[in-house]
Amino acid sequence: MLFDMHWNTDTHWSFAVSILPILLRGMWVTLQAAAIGFVLAALLGLVLAGLKSVRYRIIAWPARVISEFLRDTPLLIQLFFLYYVLPDYGIVLPAFMTGALALGLQYSAYTSEVYRAGIEAIPKGQYEAARALDLSNLHTFRVIVLPQAIARIIPALGNYLVSIMKDVPLLSVVSVVEMLGVAKIIGDRTFNYLIPLSMVGGLYLLMTLIAASAIRLLDRKLPAQGIPLK
Amino acid sequence: MPFLDYLPALLQGARVTVELTLYSTVLGALVAFGLGIGRHSRRAWLNVPCAVIVEIFRGTSLLVQLFWIYFALPVLGELVGLNLRLEPMVAGTLALALNIGAYGAEVVRGALQAVPTEQLEAAKALDFSGRQTLWRISLPQALPEMMPSFGNLAIQNLKDTALVSLISLGDLAFRAEQIRNFTQDSTTVYTMLLLMYFGMALVLSALMSLLGRRVGAWRNA
């Protein structure tokens, strides 16, 4: 029994059917964690990208080191660090939020590069044209750079959303009961790991295939010349 | 100095992490070339199975794959009367290699497809067989293009090895967890752990770019 739902181990088939609603409960937690982690990653990445592009090296350099550090160390260890070390300094977060924060931190290093690449891909001629039209720097960024960069940034961020989704199972080690955690608990209690774990694999494949085709659709729908922000 | 007390155990774990990274990266590279060349092939009987394998390993979570190989595979083995209970080291290497290999396969396929068509036409004009074209024309030109992505994947793989601590393989992350349970000194242990992984990543990154330069050296000749 889990989440007040029982399973039925009479046959393999009835077992699979009876645990599906329980796994779907876990999937809902997975999706929530992925969504919050993604929003954090998108926001923190924006901050990091901004700091890395500052002209003063005293700011840009540490930002680059932090970004490299976040990218080159395992998510699992970052998660443990947040989960065990923060409470020692009086910061106590629920396990779910700690997990989402770890996802956000790790992926902020990746998203910050997405923003940078999106902005750097704007042809130089665009800046020169803006200058010829006597637009201010801020104005150029707002009406020339951003609309064109966004069309490149959104699909790339989408790919990281899929990656984040695939990393959510790590949160089970700090007692977040997401889909893989649910399957593991069912396996531990029934000694049948094959069916729940295979179902989780299948459900994951379903989620990522749907997400990937949504991103492809979005990529095709976004106008290549950019999105006017008005 | 508590961190000096922790160091021997952590270094012992680091050795396992290095071994695991080495085995799974090398095996993963073989998987990547096998699946990537298969995906590049026009023969459906080769292309389709490779595509399915790549989709399965890229489309599901690594931890799901690891747990499946370690916990579910023995159950499947019992059903068909085989002993498929794997040692943690074997299960870990296999899961990491298949996962990173599937990502690598896409890199291999992309680089092979990026070889200019004129090169293939020239090979055809010179009456090269398909295999000769692949080995002597496509791969030598595609390989240097793959190296930067392979470098990133190797780092990814190093980070992913931390997951094997969850199937009780005594790697760096596992040793650290043991020390933390024993001493409750989370700050020192995890700070050391993060720095050690970061250091290993920097070394691996340097090694991969060195390898990349060797692989691309023929272009400067």
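Here is a quick tour of chain B, one of its helix pairs, one of its residues, and its contact with chain A. Keep in mind that you are looking at a predicted model. Chain B is built from eight helices and has zero strands. The contact between the two chains takes 29 residues from chain A and 27 residues from chain B.

**Chain B as a whole**

- If you walk along the sequence of chain B, the pattern reads α-α-α-α-α-α-α-α, which fits the count of eight helices and zero strands.
- The C-alpha trace of chain B spans about 70 × 50 × 20 Å along its principal axes.
- Chain B has 221 residues, and 43% of them count as buried.
- Take the contacts in chain B with a separation of 6 or more: 76% of them link residues that sit 24 or more positions apart.

**Two helices that cross in chain B**

- Two packed helices are described by the angle between their axes and the distance between the axes.
- Our pair is helix H1 (residues 2–40) of chain B and helix H4 (residues 88–113) of chain B, whose axes come within 6 Å and cross at roughly 40 degrees.
- An angle from 35 up to 65 degrees counts as oblique, so H1(B) and H4(B) are oblique to each other.
- As for handedness, the crossing of H1(B) and H4(B) is right-handed.
- Sort the residues in the contact of H1(B) with H4(B) by class, and you get 18 nonpolar, nine polar and two charged.

**A closer look at Met200(B)**

- You'll find Met200(B) in helix H8 of chain B, which covers residues 186–215.
- Met200(B) has 21 other C-beta atoms within 10 Å, and the cut-off for buried is 20 or more, so Met200(B) is buried.
- Tyr190(B) is 10 residues away from Met200(B) in sequence, and the two are 15 Å apart in space, going from C-alpha to C-alpha.

**Where chain A meets chain B**

- On the chain A side, the contact takes 29 residues, while chain B puts in 27 residues.
- Four helices of chain A each supply at least two residues of the side that touches chain B: H2 (57–72), H3 (75–85), H7 (179–190) and H8 (194–221).
- H8(A) gives the largest share of that side, with nine residues.
- By class, the side of chain A that touches chain B divides into 19 nonpolar, six polar and four charged residues.

Methods
Residues are numbered from 1 along each chain as its sequence is written. Chains are lettered from A and ligands numbered from 1 in the order in which they are written. This is a predicted model: local features need pLDDT of at least 70, side-chain atom pairs count only at pLDDT 80 or more; totals for chains, interfaces and linings use all residues. Two residues are in contact if their C-beta atoms, placed from the backbone, lie within 7 Å. Ala, Val, Leu, Ile, Met, Phe, Trp, Tyr, Cys and Pro count as nonpolar, Asp, Glu, Lys and Arg as charged, and the others, Gly among them, as polar. Axes are lines fitted to C-alpha atoms, for helices over the stretch in contact, and angles run from 0 to 180 degrees between N-to-C directions. Angles under 35 degrees count as roughly parallel, over 145 as roughly antiparallel, 65 to 115 as roughly perpendicular and the rest as oblique. A crossing is left-handed if the near helix is turned anticlockwise from the far one by less than a right angle, and right-handed if clockwise. A residue is buried if 20 or more other C-beta atoms lie within 10 Å of its own, exposed if 12 or fewer, and partly exposed in between; C-beta atoms are placed from the backbone.
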